[in-house]
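User: Could you take me through one part of this structure slowly, as if I were new to reading models? I would like to follow the reasoning as well as the result.

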Amino acid sequence: MVCLRKVAPHSAPRLSTLAFAFAFAFAFALLALPDIGRASTDWEASLDGRLVSSDANPSFMQGGLGTVRYGSDESGVQLGRARFALTQSLGEVWSAHLDASMFDDKDRSPVGLTEAYLLFRPYPRAGYRFRLKAGGFYPPISLENRASGWESPYTLSYSAIDSWLAVEVRTVGLEGTLDWLGTRSGHGFDVGVTGGVFGWNQGAGVVLTNNGFSLTDRQTPLFGRVGQLGDQPLGGAEPFLQFDHREGVYGGLEVRYLDRVVLRVLHYDNRANPQLDEVSDQNYSQHTSFNSAGVRIEADHGWTAIAQWLDGETTTAADDVPGGLSSWPFRAEYALLSKRFGRSTLSARYDRFVVDSIGADGYGAQSGHAWTAAYVFNVDAHWRFTLEWLQVVSSSFSREEFFGGPPLLTETQVQLAIRYALGSAIR
Amino acid sequence: MLLCAGQLAAAGAAVAATLVINARTTDGHALQGAVVTVRPLDGQVRHAAPLRGVVDQINRAFAPDLLIIPVGSTVEFPNSDFVSHQIYSFSPTKRFQLPLYRGKPYPPVHFDQPGVVTLGCNIHDDMLAYLVVTDAPWYGRTDSAGAWSTELPRGHYRVTLWHPRLRENDADLERELTVAESDRAELTLTLSKPLQPAPLTDRPHSWDY
């Protein structure tokens, strides 16, 4: 028996209450700003075009089970990303951040916000610093997505872990961080603790359950949709939902040694009620929790090494097993090595990932590994060229089940990206 | 931190003498950029004249990243970047903050207590600089050969060596010496622990997550 997931029928685009509240607060703050003379606006815009060659199956956005962003039928010229970001100071210690992007026209709206939040950043006192974020943003997990727009400066495609975060994990809520700034008081270390409380991520895990891991750089906009309506297995899944009135939480620790080493650990639990799947005829509810850890080491002569690890489980009610729950434990890890020389960066990454299937007759089981090699050439502050080769070898239960193909498949994608950026700080 | 080695060489006699300080790392290499201060211990009352210093912000970095100023000096913090900065210090020597700005909207900051002031930017965490506010009449930084020298009268002095990357920030290297019957005195100070690694300088500024 195959446990088919429900496919969310088309629903009218909903701009969330939170998005409205944020937009209102943003506009009001701009108008009411008492000290506009000293206020600061930083903006950035970029256009990233791709030349793609791929032999992969159609991706999750195309209704397929491909493990890379572009399937073979998308070889040729593609839009990588068009982006506009704005940071507006609101008085002395508040600021607003908006990051809008267009990746393609496959979502409910061609343009969406990948992040939108208010940041409260009081001055450090006595060696301690507190920060509060409110809105929609990434939890502090990735160590490779450190460039603006949550992009990786090392590769085009993110690791399996960080691709998953890009596709269906976002904090829509509050995050507080308390840092002890040892490096500002004669020590070699900084230590920070982070706690978050969030909603609207009740669907986190729906893509893992149905498609497994992939390596992509498409970031689902806040309240966006994943997959195509009516296309199995994913349908038009919505990771950013809230209908069980249960908030999710996470807590993490970050230790930094000078500006050379960053160590992060985090426990995440969206605390969703998986049984609500049974009472809603439209949407998924996935109880997803995981632990993550990572380390980034930077050394002299442009060397960087990054390793991340992720281990968790997502649970939901099976459609055809009334009252029953199915679980998909998942695990992924990667190691990346990068060398910067002048305006060039050469990087290599190895990914490994697995999704097990419990109580669903094998549905959604997947395992695989991937190699990524990328060369980035920053011509100047505006122009950047990237050449990336990515190969994923994966075995997927659903590949045979839905498309009749062999479970094991090797997919290769080569991309040449040309990006032009401009903005208030890009000179 | 302990003083590991020091040597005093004297020859000849003069009213004014030359004091040469050599700073060495644990493995004997020249220590460049170390801060040297020399204070009289025999009743001489001398103060260096206050000055007007400037610490600019260029390419998301302080320039210079270390400035020595006499007590009573003022420092301007212009921002020459296209992005805004928000400068702060929570060092006990001088606590201050300059709200988000570009250009040069604020008057100079007055530093009236001796000590080290660590500067940071509340927007860009990797920006780091130091002000050494000193009450010593003679001060300076060692050159690429690890040397610094000054002219001073005969007398009894305390020589202090400090570097922002010392393993223990508050543990200065100190040594007392007498300059007498000499027109040239030389002292070598050697660290007992290796310095912390230098900040990475070639990282693109857009990497800030």
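Here is my request in full, followed by one connected reply. Is Ala56(A) buried or exposed, and which residues does Ala56(A) touch?

Analyst: Happy to help! Please keep in mind that this is a predicted model. Let's start with the chain around your residue. Chain A has 427 residues, and 50% of them count as buried. Its secondary structure is made up of four helices and 16 strands. If you look at contacts in chain A between residues at least 6 apart in sequence, 65% join residues at least 24 apart.

Now let's zoom in. Ala56(A) sits in a loop of chain A, the one that links β1 (41–54) with β2 (76–90). Is a residue in this loop buried or exposed? Ala56(A) counts as buried because it has 27 C-beta neighbours inside 10 Å, and the cut-off for being buried is 20 or more.

Who are its partners? Leaving out residues up to four places away in sequence, Ala56(A) touches Gly66(A), Thr67(A), Val68(A), Tyr70(A), Gly71(A), Ser72(A), Glu411(A) and Gln413(A). You can also find Ser75(A), which is 19 residues from Ala56(A) along the chain, while the C-alpha atoms of the two are separated by 9.6 Å.

For another buried place in chain A, turn to helix α2 (residues 160–168). Nine of its nine residues are buried, so this helix is largely enclosed by the rest of the structure. Among these buried residues are Ile161(A), Trp164(A) and Leu165(A), and also Asp162(A) and Glu168(A). What do they pack against? The buried residues of α2(A) pack against the helix α3 (206–211) and the strands β11 (303–317), β12 (325–341), β13 (344–355) and β14 (366–378) of chain A.

Chain A also touches a partner, chain B. Their contact takes 29 residues from chain A and 27 residues from chain B. On the chain A side, these are seven nonpolar, ten polar and twelve charged residues.

Finally, take a look inside chain B itself. Three of its strands form an open sheet with mixed pairing, in the order β14-β1-β17. Why do β14 (147–153) and β17 (184–190) count as edges? Each has a single partner strand, so one side of each is left without a neighbour in the sheet. On average, neighbouring strands of this sheet are turned by 20° against each other, direction ignored. Strand β1 (residues 16–24) of chain B runs antiparallel to β14(B), and seven bridges join the two. To see this pairing in the model, find Ala17(B), which stands opposite Leu152(B) in β14(B).

Technical notes. Residues numbered from 1 in each chain as written. Chains lettered and ligands numbered in written order. Predicted model: local features only at pLDDT ≥ 70, side-chain atom pairs only at ≥ 80, totals over all residues. Buried ≥ 20, exposed ≤ 12 C-beta atoms within 10 Å, placed from the backbone. Contact = placed C-beta atoms within 7 Å. Nonpolar A, V, L, I, M, F, W, Y, C, P; charged D, E, K, R; others polar. Pairing = 2+ DSSP bridges. Axes fitted to C-alpha atoms, helices over the stretch in contact; angles between N-to-C directions.
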